[in-house]
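I opened this model to look up a handful of side chains, the ring and charge pairs, and the contact between the chains. My entries follow in the order in which I looked.

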Protein chains: 2
Amino acid sequence: MEDFRQFLAALCAAAAAGLLSIVFVLIWILQFREGFAWDGGPAEFNWHPVLIVIGFIFLQGTAIIVYRLPWTWQCSKLTMKFVHAGLNLSAFILAVVALVAAFDFHNSKNIPNMYSLHSWLGLIAVILYSLQLVLGVAMYLIPVTPVSWRAAFMPLHVFSGHFLFGSVIAVALMGITEKLIFALKNPGYSGSPPEAIFVNVLGVLLVVFGVLILWIGTRASWKRPSDQILHTLHTNGGGEDTNTKVGPDLSQLSDETDAEASGDVRRRSNKCDAD
Amino acid sequence: MEDFRQFLAALCAAAAAGLLSIVFVLIWILQFREGFAWDGGPAEFNWHPVLIVIGFIFLQGTAIIVYRLPWTWQCSKLTMKFVHAGLNLSAFILAVVALVAAFDFHNSKNIPNMYSLHSWLGLIAVILYSLQLVLGVAMYLIPVTPVSWRAAFMPLHVFSGHFLFGSVIAVALMGITEKLIFALKNPGYSGSPPEAIFVNVLGVLLVVFGVLILWIGTRASWKRPSDQILHTLHTNGGGEDTNTKVGPDLSQLSDETDAEASGDVRRRSNKCDAD
């Protein structure tokens, strides 16, 4: 891999920002708020931010960059597709539970649903994410889908994935803003109590996680090389060192479409061969 | 240009969403709010959303895609760099005036500054945008900057530009959320009065504008071809038709770095030659 140290630094920083976001949202709920319950009260609502940060942000971000981890290049493309799809499916399920928690809380407290821009864009994001999931499975996991369709759809699949990820973070930042305005009293949000500062920092951490995931996910030289190249490296004995430099000439061959479009994934074992 | 019709459709849709956003924010302020003034009151604050939408969102979005308009490919790269820098500088100036309006209003009403996540991320975005401007001018408009530096910095310049644009829209959505919660009374935001619905639609329009600009700005086949290719087309008589198909083989030669790094812009006229 080209610029392996830079990749490693970005990856460690992303992991740190992502895990710290999870720690921050948990401390927020357990220390400053009412903790967790499933009783229609504020403690049920609290599942909403926690599941969004863990699922819809951290797991979705991990799913975006999972192909780019050089340690996974020993695994077949099909295995990695299942990992990618599994992470996205988990993120979707947690997002749906998070939505149910918010609606349940609103209904039991007679708070209207779907009036805010946060709720509009959040629901649109969940619907488009489910569409992305269904189309992704139909295109890349159903063996009969023509290779030409896979290749044509890939740029849209990648762009939509990145855009939805960024949008979900934006919607989370709006949700944080709403929650702090509604929940903080004496002093209110504008009085900058410790909870306000703490949760603002959580918002900044989510943005840092977002920018690092999108940076890692959009560098052409960090793409998973096409299976032909990996096969060549393996048979030449070069595949055993994960630091093996697949230089720009080789890595650029693996553009958005060829790794998917070549169809060779179906000719390879779907076992993760750690040779 | 490859897929010229698809490009034109995306461009028209982006222009429609962007211009409609400006119309919506103006109607919001003139119809539902107190209009404009510079008196420390709410009518001074109203410059804030209007200048952000016109400057920091619409002009910045236009600056991002201005190289990709095939009608500008007859102009020298240097001319287009000045257009790109000029649009970004205008966006920055309007953003600063928008900030002054918000601070002025807060100060005259004794509302604390810089307590909300919106204000934190907004100020960070303005600071990073000014850094992006200064570095962009230093790298690409000062003739002595080494070509190797230009090439090395270009991926970061492009990524930062796209990320900052997306972030500014996210911050605007948080600002809309804040303003509607604070300003709407009897019925409040949760009562979904016409103003709430109208401004939520403005938020959706901003997201639509954002996704279209980022789609146009990230398609490899819609890049401005390198000056060498344009020169060849001109001397072969092919440059007179702006619809001339610079196919994938040619357009892919013009990657993020070569158009900037080739340095041939300094050997060409900086007049927009409409031959």
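**A histidine in helix 6**

I began with A:His157, which I found in helix 6 (residues 147-183) of chain A; helices here are DSSP runs of H or I of at least four residues, strands are runs of E of at least two, and both are numbered from the N terminus. I note at the outset that this is a predicted model, in which local features need pLDDT of at least 70 and side-chain atom pairs count only at pLDDT 80 or more, whereas totals for chains, interfaces and linings use all residues. Residues are numbered from 1 along each chain as its sequence is written, chains are lettered from A and ligands numbered from 1 in the order in which they are written, and side-chain values use heavy atoms, with hydrogens and water left out.

Is A:His157 buried or exposed? I recorded A:His157 as buried, at 14% relative accessibility, where buried means under 20% relative accessible area, exposed over 50%, and partly exposed in between (1.4 Å probe, protein chains only). Leaving aside residues up to four places away in sequence, I listed A:His84, A:Gln132, A:Gly136 and A:Tyr140 as the residues that A:His157 touches, a contact being heavy atoms within 4.5 Å.

**Salt bridges**

I then searched the whole structure for salt bridges and found 4 over all chains, the rule being a side-chain nitrogen of Lys or Arg within 4 Å of a carboxyl oxygen of Asp or Glu. In chain A, I noted that A:Arg33 and A:Glu34 are bridged at 3.4 Å, N to O; A:Arg33 is buried at 17% relative accessible area, while A:Glu34 is partly exposed at 40%. In chain B, the side chains of B:Arg33 and B:Glu34 also meet at 3.4 Å, N to O, with B:Arg33 buried at 16% and B:Glu34 partly exposed at 40%.

Which parts of chain B does the pair of B:Glu195 and B:Arg33 link? I found this salt bridge at 2.8 Å, N to O, and it links distant parts of the chain, with B:Glu195 in helix 7 (residues 194-218) and B:Arg33 in the loop between helix 1 (4-32) and helix 2 (42-45), 162 residues apart. B:Glu195 is buried, with a relative accessible area of 8%. For chain A, I wrote down that salt bridges sharing partners join A:Arg33, A:Glu34 and A:Glu195 into one network.

**Aromatic pairs and charges over rings**

My search for aromatic pairs over all chains returned 32; rings of Phe, Tyr and Trp (its six-membered ring) pair if their centres lie within 6.5 Å, and planes under 30 degrees apart count as stacked, over 60 as edge-to-face and the rest as tilted. One of these is the tilted pair of A:Phe7 and A:Trp71, 6.4 Å centre to centre with 45° between the planes. A:Phe7 lies in helix 1 (residues 4-32) of chain A and A:Trp71 in the loop between helix 3 (47-65) and helix 4 (77-108), so the pair ties together parts that are 64 residues apart in sequence. I recorded A:Phe7 as buried at 0% relative accessibility and A:Trp71 as partly exposed at 40%.

In chain B, the ring centres of B:Phe7 and B:Trp222 are 5.2 Å apart and their planes stand at 80°, so I entered the pair as edge-to-face. Both B:Phe7 and B:Trp222 are buried. On chain A, I noted one aromatic cluster formed by A:Phe4, A:Phe7, A:Trp71 and A:Trp222.

I also looked for charges over rings, which require NZ of Lys or CZ of Arg within 6 Å of the ring centre and within 35 degrees of the ring normal. The charged end of B:Lys77 sits over the ring of B:Tyr67, 5.4 Å from its centre, and that of B:Arg219 sits over the ring of B:Trp215, 3.9 Å from its centre.

**The two chains together**

Last, I turned to the contact, which takes 33 residues from chain B and 33 residues from chain A. I noted a buried area of about 3000 Å², of which carbon and sulfur atoms give 82%; buried area is the accessible area (1.4 Å probe) that two parts lose on being put together, summed over both. B:Tyr115, B:Leu117 and B:Phe159 supply 20% of the area that chain B buries against chain A, more than any other three residues. How many salt bridges does the rule find across the interface of chain B and chain A? I found 0.
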